[in-house]
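Work through these exercises with the model open. Each task is followed by a stepwise solution.

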Amino acid sequence: MTYVIHGATGAQGAPVVAALTAAAKPVTALTRNPDAVVDGARVVTADHSSTEELTAAYRGAAGVFVHLPVVSEEDRRTQAHHIVAAVRAARPSRVIFSTSGAPIDADTGGAAAILVAGLADAGVSHAVIAPTFYLENLLMPYVVDAVRERGVLPYPIRADFAASWASHLDIADVAVALFDRPDITGVVSVGQFPAITGPDLAEAFGARFGKDVAFEPITPEQFRGSVAPLIGEGPAVDVAAFYAAMSTLPGRSITVENSAQKLLGIQPRTTGQWLADIGL
């Protein structure tokens, strides 16, 4: 029985593939690129908008790792419905869904909420990984180049906004552990605790780069303009709206009760540890 990984060649899926292959577990890399090559994995081409192709990929799987790509919210909703339908039809042994920081409250009606509700209704063993913000967001050229060239770390949150940041490497650690822990269901929060602020991030970058780095709050609209060339205008608008909504909150910290620290004994990397691990 194999482990099927969505986005296996991407930033979030690739570390899951690496962690599973390092543990000598069979991996099926799910990708839309028929020419993709993934070390240690069997590559299967499947369209996220095809229930039939996803069902074929999931059937007989020991586990499926799912996360939704950065596309328009309309496309994400469509994909969520197809994934749920495929899970119901194929009934893999276990499904792990990473929300990628998207809200999962049913009242929001978003794609992540649709997928979480659908998995619960499907009656298949599953768990939901809920990070808040990804440290990898800080690797975008707009951000990391400003650190190098101007000694500032720009990001669309207030200086006093405390959040539980996590890395894709942390998500992979938790996903692999959850595949082996069917007794753990529901939402598992992943991120640093206590939560940290923008100036804390800047201090860690400064220590790594050996220079003074200051945090620079920017507006969601400024951020939209910086990421649109990378992810497209439509998704960039959705990202900006997400950060605009965050600006109304006092912070975004995980809760200890359902954290990976408590449930799995997995401590997420500090910002400094993450920078060292990625060799920046």
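**Exercise 1.** Which strands each supply at least two residues of the lining of the second largest pocket?

Solution. The model is a predicted one.
Step 1. Take the volume: the second largest pocket has about 240 Å³.
Step 2. Find the centre. Of 15 lining residues, Ala130, Pro131, Thr132, Ser189 and Arg252 are the closest to it.
Step 3. Assign the elements. Strand E6 (126-131) and strand E11 (186-190) each give at least two lining residues.
Step 4. Sort by class: seven residues are nonpolar, seven polar and one charged.

**Exercise 2.** Describe the largest pocket and state which element gives the largest share of its lining.

Solution. Step 1. The volume of the largest pocket is about 1400 Å³.
Step 2. Its lining counts 47 residues, and Leu68, Pro69, Val70, Arg76 and Ser100 lie nearest the centre.
Step 3. Elements that give two or more residues to this lining include strand E2 (27-31), helix H4 (111-122) and strand E7 (133-134). H3, H8 and H9 are also among them.
Step 4. H9 gives the largest share, eight residues.
Step 5. By class, the lining has 27 nonpolar, 15 polar and five charged residues.

**Exercise 3.** Is histidine 67 buried or exposed, and what does its side chain reach?

Solution. Step 1. Place the residue: histidine 67 is in the loop between strand E4 (63-66) and helix H3 (73-90).
Step 2. Apply the cut-off. Buried means under 20% relative accessible area. Histidine 67 has 12%, so it is buried.
Step 3. List contacts beyond four places in sequence. They are His6, Gly7, Gln12, Gly13, Phe97, Ser98 and Ser100.
Step 4. Look for the polar partner. The histidine 67 side chain reaches the backbone oxygen of histidine 6 at 3.4 Å.

**Exercise 4.** Trace the largest nonpolar core and find which element supplies its largest share.

Solution. Step 1. The core has 30 residues; Ile5, Leu20, Phe65, Ile96, Ile129, Val174 and Leu178 touch the most other members.
Step 2. Elements that each supply at least two of its residues include strand E1 (3-6), helix H1 (13-22), helix H6 (168-179) and helix H10 (260-264).
Step 3. H6 supplies the largest share, seven residues.
Step 4. Zoom in on phenylalanine 65. Among the residues it touches are Val4, Ile5, Val16, Ile96, Ile171, Ala175 and Phe179.
Step 5. Do not merge the cores: a second, separate one of 29 residues includes Tyr58, Leu68, Val87 and Ala122.

**Exercise 5.** Which residues of helix H8 (residues 220-231) are buried, and what covers them?

Solution. Step 1. The buried residues are Phe223, Arg224, Ser226, Val227 and Ala228.
Step 2. Their cover includes helix H5 (141-150), strand E8 (152-155) and helix H9 (233-246).
Step 3. Check the residue just after H8: glycine 232 has a positive phi of about 100°.

**Exercise 6.** Where do a cis peptide bond and positive phi values in residues other than glycine occur?

Solution. Step 1. Recall the norm. Most residues other than glycine have a negative phi, and most peptide bonds are trans.
Step 2. Phenylalanine 193 and proline 194 are joined by a cis peptide bond, with omega about 0°. Proline 194 is in the loop between E11 and helix H7 (198-209).
Step 3. Alanine 24 has a positive phi of about 60°. Alanine 24 is in the loop between H1 and E2 and is exposed, at 69% relative accessibility.
Step 4. Arginine 91 has a positive phi near 50°. Arginine 91 is in the loop between H3 and strand E5 (95-98) and is partly exposed, at 44%.

How values were computed
Residues are numbered from 1 along each chain as its sequence is written. This is a predicted model: local features need pLDDT of at least 70, side-chain atom pairs count only at pLDDT 80 or more; totals for chains, interfaces and linings use all residues. Side-chain values use heavy atoms; hydrogens and water are left out. Helices (H or I, at least four residues) and strands (E, at least two) are DSSP runs, numbered from the N terminus. Buried means under 20% relative accessible area, exposed over 50%, partly exposed in between (1.4 Å probe, protein chains only). A polar contact is a pair of N or O atoms within 3.5 Å; within protein, one must be able to donate a hydrogen and the other to accept it, and residues adjacent in sequence count only if both atoms are side-chain atoms. Contact means heavy atoms within 4.5 Å. On a 1 Å grid over the protein atoms alone, a cavity is a set of points where a 1.4 Å probe fits but cannot get out, and a pocket is an open set with protein on both sides within 12 Å along at least five of seven lines; lining residues have an atom within 4 Å of a point. Grid points are joined across faces, edges and corners, and a volume is the space filled by probe spheres set on the points. Ala, Val, Leu, Ile, Met, Phe, Trp, Tyr, Cys and Pro count as nonpolar, Asp, Glu, Lys and Arg as charged, and the others, Gly among them, as polar. A nonpolar core is a set of buried Ala, Val, Leu, Ile, Met, Phe, Trp, Tyr and Cys residues joined through side-chain atoms within 4.5 Å.
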